[in-house]
Amino acid sequence: MHPGDMSACEIAGAVARGDISAFECTQAALSRIDRLNGSINAFLHIDAEGAIASARSIDSRRARGESLGPLAGVPIAIKDVLCTRNVPTTCASKMLKDFRPPYDAFVVERLRTSDAVIVGKTNMDEFAMGGSNENSAFGPVRNPWDLSRAPGGSSGGSAACVAAGMSPIALGSDTGGSIRQPAGLCGITGLKPTYGRVSRRGLIAFASSLDQVGPMARSAADCALVLETIAGHDPSDSTSLKADVPPYSRLLEESLAGVRIGRVAAHFTEGLNPEVARAVDEAFAVFRAAGATIHDIEMPHARWGVPTYYLVAPCEASSNLARYDGVHFGHRTDTAQILASHAADRTQKNNIDSDQADSTLVEMYRKSRAEGFGSEVKRRIMLGTYALSAGYYDAYYLKALKVRRLIRQDYLNAFEKVDLIGGPVSATAAFPLGEKTGDPLSMYLVDLYTVTANLAGVGGISFPCGLSASGLPLGFQLQSPALAEPLLLRAADRFQRITDWHQRRPHLEGTLQQP
Amino acid sequence: MMAAASQPTTSATTDVLSYTIVIGLEVHVQLLTRTKLFCGCSTAFGAAPNTQTCPVCLGLPGSLPVMNHEAFILAVRAAKALSCRIAEFTKWDRKHYFYPDLPKGYQISQFDLPFSSDGKLLVCDSKGRFAPRTVGIVRVHLEEDAGKSIHDESTGCADSRIDLNRTGVPLMEIVTQPDLRSPQEARAWLNELKLLLVYLKVSDCNMQEGSLRVDANINLHIPLPDGRIAKTPIVEIKNVNSFRSVERALLYEASRQWDEFNHTHAEIGSSPKQTRGWDDPAGVTRAQRHKEESSDYRYFPEPDLVPVTVSETELSLMTSAQGETPALLRSRLESQWSISAYDADVLVNQGIAFVGYFERLATILSDGKSASNWMQQDVMRMLNENTVAIESFPVRAEGLAALIAQVSSGAFDTSRARDIFSEMVKTGRSAAEVAASMGIADVGDDELMSLCRELVACNPKIVADVKGGKEQAAAGLLGQAKKKNPNVNPGKVRQLCLELIRAM
């Protein structure tokens, strides 16, 4: 079998047995990346040299008889929001175009010690803000299923990378659906773990109370393998949970008999594409056939999820992104030009009113941020700054926190009746590039089914459950109580043992453009 | 023009007889932790710029803060000693502003739920210059320090440099009620606060190194002829580098506000709160430039840190190791060693090590009064003369006690003892060794008797005077005795000579 078509579990096993070398797997991934990335733009940085060096080290350690980590030789792509030591980490922003962190993110450290091979950094919406990957400062990612369509976002690069077989697994981050939604639109499996399950150290913050790192792969079994590696307490992240990490990949066998899955009627009203509705209902039927029971439940506050999310997330973002001011790191405007124009002003006007004119410092801040950030990032900084301002805080931020608590309570109530909640991940299949870019509100609605899991801090997984008439993948989402990842992964894995939607591949070779 | 509430004066411009000075303080104290508040960097003072930094205090993307528990314990210890209520639940907030020495664009501080509030600290003046004053404490909270901007304007191109060693150093902010009524009280209260924090080992309160910083808020309450009280606009004084400067700045500011009120009659609320900087060499406060926008710090809960909850058990554990407060120590010394309140105050104000020395000395001597006198006169003089701290004082309490015992037994008089003590400090040798090397020896009874016989024989005039009832004339004999043998004890000489004369 071509290593590019093997799952992470298969590669790790084969490399450990010596059936295939880590070098071969890495070469296969790199050559596919080389062939496809020009069309898909999934990667912002390809670390061929680093990948080959770690593959060779894995192979030589195996040759010496040393034991290898659980992801030995598995190529993995990392969303460019995660810090990689001395390797560019840009958040797809001009602001961090030249940033090379002096450290690895916690999850990257874990991947290295488990002998995964990091092939590169994937494209994304700038600072993870967006649902289509069109907000990247370095160009949009194209959906491998249809290059004229968006892959979803913000982890669009990671999703497209896995869908196109450029690497079997990738890491994404999910603040409001940024793993699950692009996974759904690209026909792969993406897991957003419980908030705090995976350390955020080295994850460049968008909205700290919502951000979570998670795996993206072609199957739930591969997601389980990666989660096993990256989950766990990190004393350097105060919000990381102290719970033990179960051996997820070995907890997939039990049947779904008696598992109660909730179905929210409100998900199937206006706005949901009928093709998606049909595929989702067929998926429910699969679960029923597998022994699960389906129950109607209500999530009365879920309809306030998007507005709540678009207050909480921008508020935190406006704060987290304050550090990009051109002083200590990141993009700085041409200060020589500012100083020159100030000198000219002084000679012209002789006496400028220092309270009216910006100081050179303030002008440096303004210009650095104006030049460094894209328009969606600026929009959210403005939203958040406004909502946190004196006089508006109670009406917006505080109110949003209250609704957030109600949404969390909805989940707690629901999980007294059911073990999992199922439904669509997106209202439609992948949409054409440019369709929503002129209308930020319609773009915000792509998170409709995903944001509530982040607001409540619970786990969620999305995986393919059908194809549209035009051949685009359709996704199903399952959500679980906090720390119920074993059940979440077991249910998705069971679905994938029964169906083969996750094995469908885009027909890439015919549609490739020449780079 | 200065007038305090207790010193009514008349004014040429108004009928006002007196005004009240109202002062509140905001004190920032650096906690004595080895590492910063949210990362593992050293807090040591004086390192080369930007050598004590890491991704967390530099605010690098992806870095996360983790609370230093030791800092929290120290802060709780201080707050308890200030009689504050400790919150069961406290959280961190982000305070936003842009400044080059604030790399994250926000400071991690505490906004609406500080870890402690509603405390008080009493200050007394042992010289009785003001009545005891209890100053209410609004709140004590924790926050991280910002970095240091170094502006070098000598080059003419306004070159600024940033040192981020201080960024993230743990600060405790103490905000008082406006309860102080004179600059003198303010200074005394700050001294008492500093003493407390140093005793509790919460901070070294070294103002030169910036581990204690004071902002003072002041205005005047002026009774008007119609019975109304006019309140002058509150001024916040910054940039005061010593407690003496605080007092001077407040004195100046009270006088300036009085003058200004007589010119403008401006009252509180007529303009935004003004910030004035203290120019120490010039001895004046100067208005600082208004910020372009009124500051909206957009506080919101810090999502990278978890709230801190403190149970009763944890609280008692945290404060179990707490030392004696200066106030408690003063009253204990007073009763245990039968010394005056004034003496106890002087001793306690010298610091905990000094008190420790005193108590060892008093214990050996079983005499608090004598120990207190020696500490206040001789030990303090030696410390000052040799600019040495009590911790490294070369004479141990045991050694000094031996010397004092010999004085009490009459071996040497006090002035000889001082010479010996001074030599002990210089050489580190014992009283006996020093006495021997200086040729100071106990003069034997026979030797002393023959000396006194000789003196009486050679001084018929003095003998006659004494016999005539003028006992004080015997003093003339003492000088001669000292000349003949510097080691004689003048008291004994006097006693023996008087006995000899009476027997004649």
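Tutor: Let's start with a term: a residue counts as buried if 20 or more other C-beta atoms lie within 10 Å of its own. Keep in mind that this is a predicted model.

Student: Okay! Which residues of helix 7 of chain A are buried?

Tutor: Helix 7 covers residues 220–230 of chain A, and 11 of its 11 residues are buried, so the helix is largely enclosed by the rest of the structure. Going along helix 7, the buried residues are Ala220(A), Ala221(A), Asp222(A), Cys223(A), Ala224(A), Leu225(A), Val226(A), Leu227(A), Glu228(A), Thr229(A) and Ile230(A).

Student: What about just after helix 7 of chain A: which residue takes a positive phi?

Tutor: Look just past the end of helix 7 in chain A. There you find a phi of about 130°, and the residue that takes it is Gly232(A).

Student: Now the sheet in chain A. What is the order of its strands?

Tutor: The sheet is open, has 11 strands and shows mixed pairing. Strand 1 and strand 8 (293–297) stand at the edges with a single partner strand each, so one side of each is left without a neighbour in the sheet. From one strand to the next, the twist averages 30°. Reading across, the order is 1-3-2-4-6-5-10-11-9-7-8.

Student: Is strand 3 of chain A buried or exposed?

Tutor: Strand 3 spans residues 117–122 of chain A. Since 6 of its 6 residues meet the cut-off, the strand is largely enclosed by the rest of the structure, and the word for those residues is buried.

Student: How many bridges join strand 2 of chain A to strand 3 of chain A?

Tutor: First look at the other partner: strand 1 (residues 43–46) runs antiparallel to strand 3 in chain A, with 3 bridges, and Ile46(A) has Gly120(A) as its bridge partner there. Strand 2 (residues 75–79) runs parallel to strand 3, and Ile78(A) is paired with Lys121(A). The number of bridges joining strand 2 to strand 3 is 5.

Student: And which helix does the chain go through from strand 2 to strand 3 of chain A?

Tutor: Follow the chain out of strand 2 and on to strand 3 in chain A, and you trace a β-α-β crossover that is right-handed. The helix on the way takes in residues 106–113, and it is helix 4.

Student: What angle does the direction of helix 3 of chain A make with that of strand 3 of chain A?

Tutor: Compare two helices here. Helix 2 (residues 22–40) of chain A lies across strand 1, strand 2 and strand 3, running at about 20° to strand 3. Helix 3 (residues 48–63) of chain A packs on the sheet and touches strand 1 and strand 3. The angle between the directions of helix 3 and strand 3 is about 160°.

Student: How far apart are the centres of domain 1 and domain 2 of chain A?

Tutor: Domain 1 of chain A takes in 3–265 + 416–511, and domain 2 is 307–394. Taken over C-alpha atoms, their centres are separated by 33 Å. The contact between them takes 25 residues from domain 1 and 21 residues from domain 2. So much for the contact; the separation you asked about is 33 Å.

Student: Last one: how many residues of chain A are in contact with chain B?

Tutor: Chain B brings 25 residues to this contact. Its helix 1 (55–58) and strand 4 (93–96) each supply at least two residues of the side that touches chain A, and that side divides into 15 nonpolar, 4 polar and 6 charged. On the chain A side, the number is 35.

Technical notes. Residues numbered from 1 in each chain as written. Chains lettered and ligands numbered in written order. Predicted model: local features only at pLDDT ≥ 70, side-chain atom pairs only at ≥ 80, totals over all residues. Contact = placed C-beta atoms within 7 Å. Helix = DSSP H or I, 4+ residues; strand = E, 2+ residues; numbered from the N terminus. Nonpolar A, V, L, I, M, F, W, Y, C, P; charged D, E, K, R; others polar. Buried ≥ 20, exposed ≤ 12 C-beta atoms within 10 Å, placed from the backbone. Pairing = 2+ DSSP bridges. Right-handed = clockwise from strand over helix to strand, strands pointing away. Axes fitted to C-alpha atoms, helices over the stretch in contact; angles between N-to-C directions. Domains from an automatic or database assignment.
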